[in-house]
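Reader: I'm new to reading structures and I get lost quickly. Could you pick one part of this one, take a close look at it with me, and then show me a few other spots worth finding?

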Amino acid sequence: MQKKLIFVLILLFTVSVNYAEDDEGISIYKIWGVGDNPDSSEIYIDPSTPVIYVGLVNNDPYQRNVRVTASYEENDFESAILPLSPNTHYEKIVEIRLEFDEVGEHDVDISLIDENGKEVDSEQITVNVVSPIDVKNVTCQDSYVFDSNKNLEVVNSNWFTVTLESNYRAQTDYEVKTWISVVSTDYDGDTNEDIENEDIYYNGKDDLKVVYVSYRSEKEVSFNIPEITADNDEFKIQVHTEIMGLHDYTNDLEETEMVKDTGIISYNYKKTAKTYQFPIHVASYSLFNNINGSNSEMVNDYYQSSKIYDKTIENALNAKFESKNVLPRAYVEDDPYLSFLKVNLENRYDDDQTATVIIESSSGCLSKKTINIDENDADTLYIPFISRLADEGEFNIIVYSNKYYIYNSEEDVDIDPEIVSPVQIYNISYPVDSSAALVSSNSGCVFVGKNYTMNVTLKNNYNRTLTGKLYVGDHYDEDNSYESGVFETTEPITFKLSPKEKNTYSIDLKFNREVNGLIEVVVDTNGAAVDEDDDIAGYSTMVHFDAYNILDIRKVWYNNTILPKIATINEKGGLFLNYPLAGFNNSCAVSFESMVSEDITYKMWVEVYDSNGNLKATSDKKNVVVKAKSTSGNLQTADFDIFFEEGFIGYTLFHAVPLNDFEDVDIFYTEGSGTVSKDINPLAPVGRYSSIDLLSSIPTSTNKVTEVVAPINIDDMAYTENNLNVVISSGLSSIYPVNLTYFYKITISNDNKIIYKSPTYKDIIHSTESKPLKIKLGDVDGETYDIVFEVEIPDFAMESGTYHSMILKKYLTIANNQEIITQEENSEPETYVEPKTEVENTGENSDLENQSATEEENRGIIGNILDTVSSIASNIPIIRNFVY
């Protein structure tokens with residue numbers, strides 16, 4: 001009653017205010033709330049008296065009529081017309097009643113409007129609407145509070161008690177509507193406004209209660225909350241109050257204090273945060289890959305019930321000690337497999353708890369386990385995690401000790417299971433040739449070129465019928481694969497196996513080259529789990545094979561009776577050494593021994609290739625009977641005559657074709673007196689048996705070679721534009737690196753009749769020199785002509801002390817301006833003559849001096865001979881029309 005009396009007195013008197021003499025007009029002097037100090041800068045209002053006061057003054061020398069307006073939050077207030085006496089210098093007080101819905105700060109625009117509708121003054125203020133009720137405390141009716149933190153409460157009941165207190169701002173008794181909400185620790189909004197926010201675990205507005213709070217007293221009210229399921233095991237309680245239509249909420253505890261300072265009363269509002277925790281806390285979790293006493297029984301139960309047999313699992317279960325990194329193991333892509341999660345739990349409550357943990361994979365597979373945990377203690381659970389490859393390690397972990405608070409969180413782990421083929425190779429029966437000298441139970445011992453059978457037994461270890469393919473792959477280690485054609489095998493075999501069924505399948509194999517290594521047996525099962533780095537569904541295993549040639553080639557060499565002269569720099573004369581020689585028959589010898597216990601007849605021959613893989617010479621083929629292998633050895637030798645048209649660098653290839661159920665066996669053997677840094681053409685038909693292992697993982701660029709000796713080459717013989725162009729060059733400079741005297745001549749034939757034979761000419765060529773020659777000829781008149789260019793190197797070969805000349809020839813057939821280069825032939829040397837006129841030499845470094853450059857002197861060999869046989873030339877078409 002005393003406060004109401006003060007309010008009436010304020011309305012009845014005015015406060016005298018002195019102004020400076022130059023103040024004019026009407027203005028807003030002051031704005032304040034009920035019970036506030038008029039000098040305070042803050043305006044507070046209570047819901048029981050939502051009133052503010054506006055003080056006005058008129059400094060004009062005449063009366064002013066004004067109206068006061070207030071605008072706030074889509075609300076408007078307008079006073080009646082107020083007459084203000086002239087020069088009163090007295091304050092006129094106007095009461096404005098405001099209506100608000102929410103506690104808190106609100107902006108209000110105050111305007112002063114004169115009788116002409118003109119705004120003469122205005123002011124914006126902030127009104128702080130305060131609640132007369134504080135939330136003094138919120139506590140769970142069954143809880144545990146940490147001594148170190150009184151505002152952290154572990155809850156074990158769904159009943160909460162809220163204590164409401166009438167604070168110092170209260171004006172009277174209040175009827176309070178109140179309710180609570182449960183929110184996450186990150187939520188600071190108003191649950192009265194949010195509906196679908198996932199951080200709101202429970203909104204209790206529909207469960208509100210009405211209580212009566214007397215002036216300067218407190219009141220307790222209890223609330224029951226439903227089951228709380230959250231991905232965070234901490235939460236806050238949000239308390240809502242509504243007094244006389246004014247709503248307020250808080251996530252914290254509140255306290256309003258009255259402060260008296262030099263006769264002025266003010267209020268201090270404090271908030272204290274409080275957090276509530278679930279009784280059971282998931283401290284950590286991790287994937288557990290081992291099998292030990294904590295989970296071995298669960299592993300055994302899973303594999304027994306799922307009827308999956310896995311030898312690795314069986315061995316781990318039978319081991320005395322913990323088996324490391326055994327799990328998880330996936331078998332079929334769409335079926336579940338077993339993992340384990342190691343979950344560490346903490347009991348925060350001061351009493352024993354029975355905790356339940358549920359693991360649910362994204363595909364819906366559930367595992368559940370319950371454990372007792374002592375008060376304020378921790379324990380570890382090993383939870384079976386049943387998932388599929390498509391789950392990618394995603395799961396829900398659900399933990400609770402009662403049905404009031406359930407921790408449910410989406411998590412993931414990097415599982416990366418080992419992929420295990422459900423169909424396994426149960427046994428492999430290696431083919432072993434009865435004639436093989438070396439036999440091993442762990443590898444196949446076979447001969448090259450012979451057909452064999454490898455038996456593979458498959459077993460289905462899974463719980464349903466599976467199909468797939470069985471075949472031999474092309475890998476022999478992780479990084480390499482066999483070249484195409486190294487071995488031949490059957491097409492993939494389709495299998496179908498019932499659960500636990502075993503069946504044996506036969507795979508045909510034939511090796512075309514020697515092999516001492518691994519081949520890949522592949523089991524490709526339909527629907528089997530697939531590792532992301534593999535290209536097959538299932539698995540493969542490596543099996544070792546030793547594939548031998550039935551013929552052991554010991555050596556290939558040239559055993560000539562006629563030897564070429566080999567000259568070296570700074571050495572007088574020449575040495576006659578055993579090198580293959582162009583222009584003569586050579587003897588190629590091969591020594592060998594049989595690897596089988598029976599006589600076998602072979603068709604044998606020798607081929608020689610240049611370094612580009614071009615065939616240069618072939619010997620005659622002969623049938624040779626190779627005697628059976630004996631304990632004392634049975635080394636045999638065969639000789640092959642072979643003729644070379646020209647000198648070159650290459651390799652020798654020996655063929656031995658058994659005339660029975662074997663096929664070609666190409667033996668690559670590099671034979672010669674030197675080395676060359678040149679790769680052998682990969683398309684050359686070479687075999688495995690060699691001083692260079694072509695299947696080795698260690699590459700080399702230096703190979704032993706076969707060097708066929710010829711100190712001069714006849715290169716690029718062609719007929720173009722009525723000219724015969726020939727290039728004479730030195731041959732193997734490493735064999736004969738000195739100047740060389742040689743002779744040459746030309747022969748022309750038509751229809752196997754010689755119509756022209758030139759004299760023999762002499763010349764000298766330097767080491768590494770190349771001499772282009774041009775012989776002028778006439779037009780072809782429809783006839784076909786054979787031209788032979790012949791080079792002779794005297795005394796270049798020796799046999800039993802007798803010197804022999806080397807003869808090299810180059811052939812060309814021309815007809816209608818078309819030329820055909822034929823194979824070279826060799827013949828006995830002819831007597832040479834010293835010609836008076838030389839053939840045109842177009843080389844820059846010719847050894848022939850004082851040659852004339854005139855057209856007459858460049859008529860060529862045939863032109864010069866026609867000067868002496870002109871009467872005959874007129875009767876021979878090629879001489880008349882072709883040579884000039």
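Author: Let's start with who touches whom: in this predicted model, take the contacts between residues at least 6 apart in sequence, and 70% of them join residues at least 24 apart. You can see that idea in one pair, Phe-648 and Val-708, which sit 60 residues apart in sequence while their C-alpha atoms are 5.4 Å apart in space. Phe-648 belongs to strand E50, which covers residues 648–658. Is Phe-648 buried or exposed? Phe-648 counts as buried because its relative accessibility is 8%, and the cut-off for buried is under 20%.

Strands come up a lot here: the protein chain has 64 of them, along with six helices. Of its 884 residues, 48% count as buried. The chain exposes about 43600 Å², and carbon and sulfur atoms supply 43% of that area.

Now for the close look. Find the open sheet of three strands, which runs in the order E24-E26-E29 with antiparallel pairing. Its edge strands are E24 (280–287) and E29, each of which pairs on one side only. Going from one strand to the next, the twist averages 30°. Zoom in on E26 (residues 337–347) and you'll find ten bridges linking this strand to E29, in the antiparallel sense. If you'd like one bridge to click on, try Leu-345, whose partner in E29 is Asp-379. There's a helix to look for here too: H2 (residues 296–306) packs on the sheet and touches both E26 and E29. The direction of H2 makes about 145° with that of E26.

Stay with E29 and step back along the chain. In the loop between strand E28 (366–373) and strand E29 (378–387) you'll meet Asn-376. Asn-376 isn't a glycine, but its phi is positive, near 50°. Asn-376 counts as partly exposed because its relative accessibility is 40%, and that label covers values between 20% and 50%.

Ser-800 makes a nice companion, being another non-glycine with a positive phi, this time about 55°. Look for Ser-800 in the loop between strand E61 (784–799) and strand E62 (802–815). With a relative accessible area of 76%, Ser-800 is exposed, since that label needs a value over 50%.

Can a loop residue be tucked away, and what does Asn-461 show? Asn-461 lies in the loop between strand E35 (451–460) and strand E36 (466–472), and at 10% relative accessibility Asn-461 counts as buried. Leave aside the neighbours within four places in sequence, and Asn-461 is in contact with Lys-307, Ile-308, Tyr-309, Pro-422, Gln-424 and Lys-500.

One last stop is a peptide bond. The bond from Leu-327 to Pro-328 is cis, with omega near -5°. Pro-328 itself is in the loop between helix H3 (311–318) and strand E25 (329–330).

If you only retrace one route, try the sheet: go across E24-E26-E29 in order, find helix H2 packed on it, then look for Asn-376 in the loop between E28 and E29.

How values were computed. Residues numbered from 1 in each chain as written. Predicted model: local features only at pLDDT ≥ 70, side-chain atom pairs only at ≥ 80, totals over all residues. Heavy atoms only, no water. Helix = DSSP H or I, 4+ residues; strand = E, 2+ residues; numbered from the N terminus. Buried < 20%, exposed > 50% of the residue type's maximum accessible area, 1.4 Å probe, protein only. Contact = heavy atoms within 4.5 Å. Areas by Shrake-Rupley, 256 points an atom, 1.4 Å probe, with all protein chains shown as cover. Pairing = 2+ DSSP bridges. Axes fitted to C-alpha atoms, helices over the stretch in contact; angles between N-to-C directions.
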